[in-house]
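Biologist: I am new to this structure and would like a close look at the surroundings of the ligand. Could you take me through that part carefully, and then through what else is there?

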Amino acid sequence: MKNQYLLGVIETVKKRNAGEPEFIQAVTEVLESLLPVIESRPDFVEAGIIERIAEPERQIIFRVPWTDDNGRIQVNRGFRVQFNSAIGPYKGGIRFHPSVYLGIIKFLGFEQVFKNSLTTLPMGGAKGGADFDPKGKSDGEIMRFCQSFMTELVKYIGPDCDVPAGDIGVGAREIGYMFGQYKRIRNEFTGVLTGKGLNYGGSLARKEATGYGLCYFTDEMLKANGKSIAGKTVIISGSGNVATYANQKFTEFGAKVVAMSDSNGYVYDSNGIDYRDIVKLKEVEHKRIKEYVSTHPSAVYTEGCSGIWTVPCDIALPCATQNEIDKQSAESLIKNGCFAVSEGANMPSTPEAIDVYMKSGILYGPAKAANAGGVATSGLEMSQNSIRLSWSFKEVDEKLHSIMKSIFASCDKAAKEYGMEGNYMAGANIAGFLKVAEAMKAQGCV
Ligand code: NDP
């Protein structure tokens, strides 16, 4: 890339956000792929859109004190980064994981801006979280932590301002505790969080949405290239929300899922892994993936989560965490016959891994498009809350399916229009950017 202006902006982002490699990685990827847009739209440069879009509108960092079961006071750090509200109220998940720090939340918030734009729904981008580790905590500890977290967050969110959701470590239980505390403090019952339980404002199919959406997007991408999911061998990293329901939908589409993982290791089962067994193991029994082999004699467990990328497959679905596929893993996938990588997790491939995909010409479905089904369905939950009605599972699933089709179509169209046919990463970045950029320009220097 030779554009001096763009290189200058990237340099400033690097200096201003030193010590936040994930954020710099996400911004660099997006800005580099916007080169053809920048060259054809001097009005965006004049309006300072690129400089503004790479800087969050607001970053909130707060203390989260809570009491553990031994009566000791613990302190964690909470974050909410409200990145961009040009096209709607801030929207994005909350992550509870010990690795959380400002740079992770900023990278996720930045990605969310473009992802939300792609969904066609009116949602700005945000992300939040805490460096809290839910693993091994009692239910009471989780509740006290969530209540303390919300006691501070409540000052900055609201149904027309910022609507958080779940992410790693934040599922229906945590959303329930946070919603309860919000309601108690504000004395109002509003759609301030998504991913809520079905009996208090949640949407059917929200739990399944990211995994299902990943399958719908991948199906479109394969069909556009003369291929199909049916009969293919699939590997999925992770065994959480996204991974589990991706397994269900890909299996329904006729694929066989032969490997899944957690942060300790992976299981391989040549007979295929039934998603219902994973639900039982992870959601009901709260066990590790290695326990799968005790009930499935044909399955083999291997310690070390990155080994999953050495398993021969046609389609790889990274659904665990950022930067889980590096150059070596990408090369191993391709050497073993993988022809498509579609991302359920956020930024799971390093820039070097993406280079390998691009050079080898495999199909690559980037996260901000491929995993947008979760936030799209959160948008549908907000709509249902506003009109005080609930749609059936089938209705929500059909809307999700049509949104994922339209996301693929926009990525495909933008890639073609800007001379990069088949590069869905560039297509997603450009299509997501254009809508936000036009709105920012129209709203003036804010
Ligand atoms: P969950 O907490 O339900 O599951 C996360 C899974 O990933 C677990 O199996 C976990 O294993 C594994 N994992 C976490 N960290 C690591 C690590 N460092 N190395 C290897 N494995 C790891 O989270 P979700 O399924 O909700 O989220 C997964 C990814 O999808 C994230 O990147 C998230 O941002 C993204 N995403 C989620 C959406 C949603 O709707 N939930 C929407 C869009 C994107 P372990 O139990 O060992 O930690």
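Modeller: Around the ligand there are 24 residues, and the closest of them are Asp-167, Thr-210, Ser-263, Arg-288 and Asn-346, where a residue counts as near if one of its heavy atoms lies within 4 Å of the molecule. This is a predicted model, in which local features need pLDDT of at least 70 and side-chain atom pairs count only at pLDDT 80 or more, while totals for chains, interfaces and linings use all residues. Residues are numbered from 1 along each chain as its sequence is written, and side-chain values use heavy atoms, with hydrogens and water left out.

Several polar contacts, meaning pairs of N or O atoms within 3.5 Å, reach oxygen atoms of the ligand. Asn-346, one of the closest residues, has a polar side-chain atom 2.8 Å from a ligand oxygen. Ser-239 contributes through its backbone, with an N or O atom 2.9 Å from an oxygen of the ligand, and in Lys-135 a side-chain N or O atom is 3.0 Å from a ligand oxygen.

Beyond the ligand, the second largest pocket has a volume of about 450 Å³. On a 1 Å grid over the protein atoms alone, a pocket is an open set of points with protein on both sides within 12 Å along at least five of seven lines, a cavity is a set where a 1.4 Å probe fits but cannot get out, and lining residues have an atom within 4 Å of a point; a volume is the space filled by probe spheres set on the points, which are joined across faces, edges and corners. This pocket is lined by 23 residues, and Gly-191, Met-382, Ser-383, Asn-385 and Ser-386 lie nearest its centre. Its lining divides into 10 nonpolar, 10 polar and 3 charged residues, with Ala, Val, Leu, Ile, Met, Phe, Trp, Tyr, Cys and Pro counted as nonpolar, Asp, Glu, Lys and Arg as charged, and the others, Gly among them, as polar.

The structure also holds 1 cavity of 30 Å³ or more, and the largest cavity has about 70 Å³ of space. Among the residues that line this cavity are Glu-29, Glu-111, Met-347 and Tyr-364, and by class the lining has 6 nonpolar, 1 polar and 4 charged residues.

As for the strands, which are DSSP runs of E with at least two residues, numbered from the N terminus, two of them pair if DSSP finds at least two bridges between them. One open sheet of 5 strands has the order S1-S2-S4-S3-S5 with mixed pairing. Strand S1 (58–67) and strand S5 (162–165) stand at its edges with a single partner strand each, so one side of each is left without a neighbour in the sheet. The twist from one strand to the next averages 20°, taken between lines fitted to C-alpha atoms, with angles from 0 to 180 degrees between N-to-C directions. S1 runs antiparallel to strand S2 (residues 73–84), joined by 10 bridges, and Phe-62 stands opposite Gly-78 in S2. These two strands form a hairpin with 5 residues between them, where Gly-71 in the turn has a positive phi of about 80°. At the other edge, strand S3 (residues 90–96) and S5 pair in the parallel sense over 4 bridges, and Lys-91 has Val-163 in S5 as its bridge partner.

Notes. Polar contact = N/O pair within 3.5 Å; in protein donor to acceptor, adjacent residues only side chain to side chain.
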